[in-house]
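Visitor: Hello! Could you show me around this model, one stop at a time?

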Amino acid sequence: MRLADYLDKDLVIPTIQATEKGAVLAELIAPVATKIPDLDADKALKVLLEREYLGTTGIGDGIAIPHGKLEDLHEIVLVVGRSPQGVDFEALDFKLCTIFFLVLAPEKVAGMHLRILAHISRLLKEESFRREFLEAEGKEQLWELLSRT
């Protein structure tokens, strides 16, 4: 499996501007709504916030992997972003999150959804990858790194 198969260069955000959880989620969804015009961004945000209510997707080590399922979505969508200043995402280790991988999936593809989440988790456990991710300069370098995974 390659993340590049589910990622589009236009869905890479090298610098997230938002400073709080809900706003970060909205900022991550915004380019998806541009790419997929029939996506209801408000509904997507609601799904993500409901998922966060069940338990944080801030998994530690500065990483958050917000995710949710949408019945109107026809394919898995991955959005990647960085926050240089870090955001309080109520992470399990209480650290600010700087690395964000958002996964939106159609209701009916649970298996693939879980495989992608597991792949992202394995990838982000590698300290060298996290360091390269945070040190990449601009969208081009970030895209190059991500397209190799």
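Guide: Welcome! One definition to begin with: Ala and Leu count as nonpolar, Asp and Lys as charged. Please keep in mind that this is a predicted model.

Visitor: Which classes make up the lining of the largest cavity, and how many residues fall in each?

Guide: The lining consists of Asp38, Leu39, Asp40, Lys43, Ala44, Leu70, Asp72 and Leu73. Leu and Ala belong to the nonpolar class, while Asp and Lys belong to the charged one. The tally is therefore 4 nonpolar, no polar and 4 charged residues.

Visitor: What volume does the largest cavity have?

Guide: Counting cavities of 30 Å³ or more gives 1. The volume of the largest cavity is about 50 Å³.

Visitor: How are the rings of Phe89 and Phe100 arranged?

Guide: The whole structure holds 3 aromatic pairs. In the pair of Phe89 and Phe100, the ring centres are 5.3 Å apart and the planes meet at 70°. Planes over 60 degrees apart count as edge-to-face, so this pair is edge-to-face.

Visitor: Which residue lies over the face of Phe89?

Guide: Phe89 sits in the loop between β5 and β6, and Phe89 is buried. At 5.0 Å from its ring centre, over the face, lies Lys21.

Visitor: How far apart in sequence are the parts that Phe101 and Phe133 tie together?

Guide: Both residues are buried, and Phe101, Phe129 and Phe133 form one aromatic cluster. The rings of Phe101 and Phe133 have centres 5.8 Å apart and planes at 35°, so the pair is tilted. Because Phe101 is in strand β6 and Phe133 in helix α4, the parts tied together are separated in sequence by 32 residues.

Note on methods: Residues numbered from 1 in each chain as written. Predicted model: local features only at pLDDT ≥ 70, side-chain atom pairs only at ≥ 80, totals over all residues. Heavy atoms only, no water. 1 Å grid on protein atoms, 1.4 Å probe; cavity = no way out; pocket = protein on both sides within 12 Å on 5 of 7 lines; lining within 4 Å. Points joined across faces, edges and corners; volume = space filled by probe spheres on them. Phe/Tyr/Trp six-rings, centres within 6.5 Å; stacked < 30°, edge-to-face > 60°. Helix = DSSP H or I, 4+ residues; strand = E, 2+ residues; numbered from the N terminus. Buried < 20%, exposed > 50% of the residue type's maximum accessible area, 1.4 Å probe, protein only. Lys NZ or Arg CZ within 6 Å of the ring centre and 35° of its normal.
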